[in-house]
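Colleague: I am new to this structure and would like to learn how to read its strands and the contact between its chains. Could we go through them slowly, one feature at a time?

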Amino acid sequence: MRSQLQIASNLMPDEPGNRPHYRFLPGDLAADIYRGFAGDFHPTPRQQREHLQYIRCFLCGRTCAGTCGKYPEVR
Amino acid sequence: MAINKQVGFGIDFGTTNSVVGVCEGGPTRALLDGDKPNPSVVWYTADGNVTVGRKAKNSLNGYADVPGNTFVNSVKLTLGKGRSFRVAGQPKSAPEVASEIFAFLLHQAKERHSLDVKEGVVTIPVDFDGAARHELRLAAERAGFYVKTFIHEPFAAVVAYCFSHQGTPIEDFEGRNILVFDWGGGTLDITLAAVRSGRMIQVAKADLGHRAGDYFDEKILRLSHHRFLESSNLTLEEAPVGATLKDRYLGRCEAAKLILSDERSSDLDVTSAFRVNGKIYDVTQELTREDFESQVGIDVRDAMSKVDSVIEEARLTPRDVDLVLLIGGSSRIPMVRREIQERFGSRVVYVKNADTIIAEGAARVDYLGMLPVLARALGVRLADGAFYELFPAGTVAKPGVCEKQINFFCTDNRDGEAKLVLVEKYDGREMNERVLGIPVSRDLPHRYNDSERVTVNLSLDEDLILRVFGKGATQERGARAEYHDLLFALDTRGVR
């Protein structure tokens with residue numbers, strides 16, 4: 001049976017176009033290092049999205065990415 | 001493409017038979033023993049004599065039981081597995097035994113055909129791994145033969161067929177999909193090849209492990225032995241099949257199997273097979289085609305599902321396959337032919353020179369100086385999901401050309417491992433993912449450009465093995481891996 005899982009790469013070519021490196025850190029790690037994107041750190045849209053996925057939900061207490069159902073529906 | 005020599009040589013080093021192919025520009029030919037290929041059997045006698053080929057095979061029945069004699073069959077299956085054979089009390093490695101076959105082929109070419117065979121192309125099964133390729137090269141070199149390159153056996157068959165058909169091969173076969181179903185003594189190799197822009201490409205491949213002719217012989221032996229025990233009221237302990245009897249018994253099973261390709265039944269006789277309490281027993285049985293098919297039916301069905309999976313992998317249907325080449329001894333089994341015919345109808349070609357087509361294709365490849373090229377682009381999947389191409393499709397697959405060093409940085413080192421994901425790309429699709437974990441520091445970066453650098457070296461060696469070594473800048477030790485399942489194509493542009 002073919003696996004449905006895929007191992008994600010964590011490598012980028014060390015080329016001038018890929019600097020500074022922090023732009024390619026996963027959102028949760030970048031938030032960890034740069035203290036929740038405080039100060040002059042500007043996360044990429046992808047990092048912001050990833051960061052939100054890993055943030056602990058204050059309603060259910062898990063990293064539910066808003067799927068816990070306890071969050072009030074927004075209309 | 002410049003023709004770089006007067007005579008091209010190819011060697012099909014087979015599990016059951018081995019053949020040298022010759023190409024001098026016109027039609028290719030094979031160097032045979034009479035009208036048959038040379039059995040890959042080596043016979044060592046107690047006094048140190050070595051006999052190879054038909055004479056060794058024919059002596060199996062009379063001499064296998066004589067103390068001091070050692071017969072080695074199917075040595076190809078043991079290459080790369082670190083196995084050795086006991087010959088006159090001394091161990092002999094698989095490459096040493098295999099080199100006797102190479103030496104015999106070269107000697108035969110010189111003595112009978114006045115051809116000095118020193119170098120050429122050697123064919124290998126699709127699943128022949130790196131260690132096996134390396135030992136095959138060692139065996140050839142030991143016998144004085146330099147392997148210019150390896151090419152896959154089914155692919156050699158496609159080359160031979162294309163070039164021998166109508167004389168204008170590439171133009172005729174451009175755009176076509178060709179399925180090679182090669183079921184020999186040791187392996188089943190299924191290759192789907194396509195000719196695109198003058199390049200013969202292996203689009204997909206599959207194999208069935210070692211379920212092939214030799215395995216079928218063992219199945220017949222088990223059935224026959226079981227029937228013998230039942231009819232003679234003996235137990236397995238009283239009449240076991242020992243090592244020396246086994247070779248002789250298998251020889252008879254193989255002969256019966258070959259007859260069943262054409263006849264509905266065959267005799268299976270083994271004289272003086274067992275001695276129990278002073279009484280000698282012969283095996284005298286009749287084997288029908290139904291008996292045989294009941295034994296190999298499951299293997300044939302599995303083989304057909306492999307055919308389906310190869311076509312599916314290439315995103316084609318059986319209707320898209322323009323030609324099916326049936327080669328190898330086990331392809332003569334009526335049940336196999338029936339199944340293939342049901343799927344592909346009149347597009348099936350029963351190759352007349354099925355025993356020699358692979359060697360002849362290899363000789364053609366050598367004559368034209370064709371080299372394998374990468375069939376698919378090879379690259380790395382990056383952290384942002386993009387494909388970073390290292391070697392484009394069509395890159396000549398030889399040392400020095402397929403060689404690269406790249407510096408990466410690790411975007412997420414929390415688990416202490418950089419993940420190098422190598423992928424092939426064909427027809428816009430990424431496939432055959434291979435992952436190498438390279439140790440890196442777990443210390444998090446604290447400056448904007450401070451992620452750990454990882455240096456990766458890739459090189460393809462002469463045995464078509466991709467060797468990869470990666471090392472993190474902060475680490476003393478790196479990680480290495482070998483990949484031996486890259487697909488190769490042959491660049492035929494300019495070849496007439």
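Modeller: Let us begin with a term we shall need for the hairpins: two strands count as paired if DSSP finds at least two bridges between them. Please keep in mind as well that this is a predicted model.

Colleague: With that term in hand, how many residues lie between strand 2 of chain B and strand 3 of chain B, and which residue in the turn has a positive phi?

Modeller: Five residues lie between these two strands of chain B, which form a hairpin, and B:Gly25 in the turn has a positive phi of about 110°. Strand 3 covers residues 29-31 and runs antiparallel to strand 2, with three bridges joining the two; within this pairing, B:Val22 stands opposite B:Arg29.

Colleague: Which other strands of chain B are joined to strand 2 of chain B by bridges?

Modeller: Strand 1 of chain B, residues 8-13, is joined to strand 2 by six bridges in an antiparallel arrangement, and a hairpin of three residues links them. Opposite B:Ile11 in this pairing stands B:Val20 of strand 2. Strand 4 of chain B, residues 38-39, also runs antiparallel to strand 2, through two bridges, and there B:Pro39 is the bridge partner of B:Asn17.

Colleague: Why is strand 2 of chain B described as largely enclosed?

Modeller: A residue is called buried when its relative accessible area is under 20%. Strand 2 of chain B spans residues 17-23, and because six of its seven residues are buried, it is largely enclosed by the rest of the structure.

Colleague: Turning to the two chains, how many residues of chain A are in contact with chain B, and how much area is buried between them?

Modeller: On the side of chain A there are 25 residues in contact with 28 residues of chain B, and the area buried between the chains is about 2700 Å², with carbon and sulfur atoms giving 58% of it. In chain A, the residues that lose the most area to chain B are A:Asn10, A:Leu11 and A:His21, which together make up 27% of what that side buries.

Colleague: What salt bridges and strand pairing should I look for between the chains?

Modeller: The count of salt bridges between chain A and chain B is two, and one of them brings together the side chains of B:Arg414 and A:Asp28 at 2.8 Å, N to O. Strand 1 of chain A also pairs with strand 22 of chain B, residues 403-410, in the antiparallel sense over three bridges, where A:Pro13 stands opposite B:Phe408.

Terms used. Residues are numbered from 1 along each chain as its sequence is written. Chains are lettered from A and ligands numbered from 1 in the order in which they are written. This is a predicted model: local features need pLDDT of at least 70, side-chain atom pairs count only at pLDDT 80 or more; totals for chains, interfaces and linings use all residues. Side-chain values use heavy atoms; hydrogens and water are left out. Buried means under 20% relative accessible area, exposed over 50%, partly exposed in between (1.4 Å probe, protein chains only). Helices (H or I, at least four residues) and strands (E, at least two) are DSSP runs, numbered from the N terminus. Contact means heavy atoms within 4.5 Å. Buried area is the accessible area (1.4 Å probe) that two parts lose on being put together, summed over both. A salt bridge is a side-chain nitrogen of Lys or Arg within 4 Å of a carboxyl oxygen of Asp or Glu.
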